[in-house]
Amino acid sequence: MIEGVVVLSILVGAPIAMLFFARRVARGGGRVAPFLLRRTGWLMVTALVVFTVSFLLMRAVPGGPFDDGRKLLPQVRHNLEARFGLDRPMFEQWLVALRGLPTFDFGPSMTLRDFTVQEVIGQGLPASVLLGLTAFAWMLLIGVPIGVVAALKRGHPLDSMLSAGASLGMAIPNFVLAGALMWPLVIATGWLPAAGLDGPRALLLPSFCLGAPFGAQVARLVRTGMLEVLGQDWIRTARAKGLSETRVVTQHALRGALLPVVTFLGPALAGILTGSLVIEQVFAIPGVGTHFVQSAINRDYTLALGMVMLYTVMVYVLNAVADLLLAALDPRVELT
Amino acid sequence: MTALLTIEDLHVRFAAPDGAVHAVRGVDLEVRPSETVALVGESGSGKSATALAFMGLLPRSAEVTANALRLGDEDLLRDGGRRTRRLRGGRMAMVFQDPLTSLNPHLTVGDQILEAVKLHTDLSGGAARARVVALLDEVGVPQPARRALAWPHQLSGGLRQRALIAMALAGDPALLIADEPTTALDVTVQAQILDLFQRLCADRGTALLLITHDLGVVAAAAHHVAVMYAGRVVERAGVSELFSDTRHPYTRGLLASIPGDLGSRDRLPQIAGAPPDPLDLPSGCPFRPRCPEEVDRCAEEEPPLDGPAACWVKGEAS
């Protein structure tokens, strides 16, 4: 239910947001259409290269999808390989898989019997996206206010405390944080469920553990950005206008201070995606993260290829959105 | 006529690593309604600090004390700067030196002026936007409706300074403070901007405190002049008296170093030496080490500004 809402709001919200950014950028003289075309072109090239390399690497490592310790009769193994087309020449296999790339239709999973790659992704992706988005929200919710307060209280003990906390937060891996928080919040008090994804309460802890380390990094970026912006001449102009200090910060300083954060969004989103592999394991969340690791270990050629391509496309698209957002916030940035 | 701007015995100190810098050391200044007063001096003489202190725009680390800071009959020293903020951008407005860095690069020019319009007038929505375009038109920005939608980096320095002037006019100020408004601009543009200030102040009856180091600008635009040196006003006069009957040796030195009808001389005369270190002022008159007319008394006692110039030898020397 909740996953459905998420998927729906992304499908509706993302194009509206893109349209909004694009309009702003176009008003500033940025050329959005060539940018989108160029990025789409590069996405196709990148996808093809990643696809081919992972296709070859998967088959280059020793072992195959049916070497799971049990002895197979030669005839059975032959039948299995014939069923998944593994007896065909390599180039033909590559062509068949390539044909499925645009729709992620890589055929049936080789180890999860009765499931196609599409079905596995379709079932796990909403939970993973939900987890990632909530972690993303935590990241901004923690990072931006802490960074702003630390900058405004520069040199004050509060600043030192927050900055030290941010350094610590960056150093703690998310699974350690998960273990540390699970004791007081789950085991001792029973406030939050330990695992699974039944309802919003179950989402709180895993998303926090996933997002908090990135929030610490955002806090440091915002603090530095804020201090730099507050020293600019145009902040004095804003004050000379008679704006209150609050409005000087929210309407003039914050926008400039957030630019480094937007630049960091691409790497942060990639980090959240990979970090969710661990968090999904720790909290037994039925996302796609588990399959990412398992398919590689099991030499599930089709599923592994599907997972790699899924992450490739996500990272690429999210980076493009971050670039567009940057251009929308800072009209001097050229779209490339 | 009562003064519009009144500054009495203003002191500004900045904390520095090796002691406090006493940047402004007891400045008295008056600007009457509709008149243009020039505040002249070298960099570091405390002229900008004086203006920023009056506007309440110095960093919190600066220590400001004064007997009086008044705009009309509003006492700016009371209620911890809240009154100053309310008047800032409204009855008193300021234009800064560098138009290239004084506009927020992330907001359109129009939006930045719109903020000031909304803050200081009752206009909103379309009427406020129309006012922005009218202001841009008034300060001589061509195609004002289109320029209002532009980002700062799309405009030239001259146009940006005009936009900043439009922003300062948004609250229809009685007093405008301009801190070296032409220094960062091309020479041809400088004259245009100066003309603009004179026209606007004449049309609107706005008083102008013009901070500059350029005596040519002073001669062209000001009614009264105050010359600052090492944090104090050392000479004060009407503009014609200043040029015809100069009293302070420092002012004489400044006037002599204006490029003009120099004939065949190949070097500009200049004032010997450098401005004093604010952390280590000489005893007596701070101009003494550079002064060609020094007498014994100069080393013992700093001359006060009673009369036109703060100098012990003023009468006899000229």
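I began with the surface of chain A in this predicted model, where the accessible area (Shrake-Rupley method, 1.4 Å probe; for residues, only the protein chains shown count as cover) comes to about 17,000 Å², with 69% of it belonging to carbon and sulfur atoms. For my own bookkeeping, residues are numbered from 1 along each chain as its sequence is written, and chains are lettered from A, ligands from 1, in the order in which they are written. Local features need pLDDT of at least 70 and side-chain atom pairs count only at pLDDT 80 or more, while totals for chains, interfaces and linings use all residues, and side-chain values use heavy atoms, with hydrogens and water left out.

Chain A overall. I counted 12 helices and 0 strands in chain A, taking helices as DSSP runs of H or I with at least four residues and strands as runs of E with at least two, numbered from the N terminus. The C-alpha trace spans about 85 × 55 × 35 Å along its principal axes, and 43% of the 336 residues count as buried (buried is under 20% relative accessible area, exposed over 50%, partly exposed in between; 1.4 Å probe, protein chains only). Of the contacts in chain A (heavy atoms within 4.5 Å) with a separation of 6 or more, 74% come from residues 24 or more positions apart.

Helix 8 of chain A. I looked up residues 200-230, for which a straight helix of 31 residues would span 45 Å at 1.5 Å a residue (the expected span is 1.5 Å times one less than the number of residues), and found only 38 Å between the end C-alpha atoms. Helix 8 bends by about 35 degrees at A:Ala212, and A:Pro213, a proline, follows within four residues; the bend is the angle between axes fitted to the seven residues ending at a residue and the seven starting there.

Helix 1 of chain A. I noted a nonpolar surface patch of A:Val7, A:Leu8, A:Leu11, A:Val12 and A:Ile16, with about 480 Å² of accessible area together. Patch members have over 30% relative accessible area and no salt bridge, with like charges joined within 9 Å and nonpolar side chains (Val, Leu, Ile, Met, Phe, Trp, Tyr) within 5 Å. A:Leu8 lies in helix 1, residues 2-27, and counts as exposed at 56% relative accessibility.

Salt bridges. My search of the whole structure gave 18 over all chains, a salt bridge being a side-chain nitrogen of Lys or Arg within 4 Å of a carboxyl oxygen of Asp or Glu. A:Arg88 pairs with A:Glu92, the closest N and O atoms being 3.0 Å apart; A:Arg88 is partly exposed at 43%, and A:Glu92 is partly exposed at 34%. A:Asp330 and A:Arg332 meet at 3.2 Å, N to O, and here A:Asp330 is buried at 8% relative accessibility, whereas A:Arg332 is partly exposed at 42%. In chain B, I found B:Asp245 and B:Arg247 bridged at 3.2 Å, N to O, and a network of salt bridges linking B:Arg25, B:Arg232 and B:Glu302.

Helix 10 of chain B. I checked residues 249-256 and found the helix mostly covered, with 6 of its 8 residues buried, namely B:Pro249, B:Tyr250, B:Thr251, B:Gly253, B:Leu254 and B:Leu255. Their cover includes strand 3 (36-40), helix 8 (215-221), strand 10 (224-229), strand 11 (232-238) and helix 9 (239-244) of chain B.
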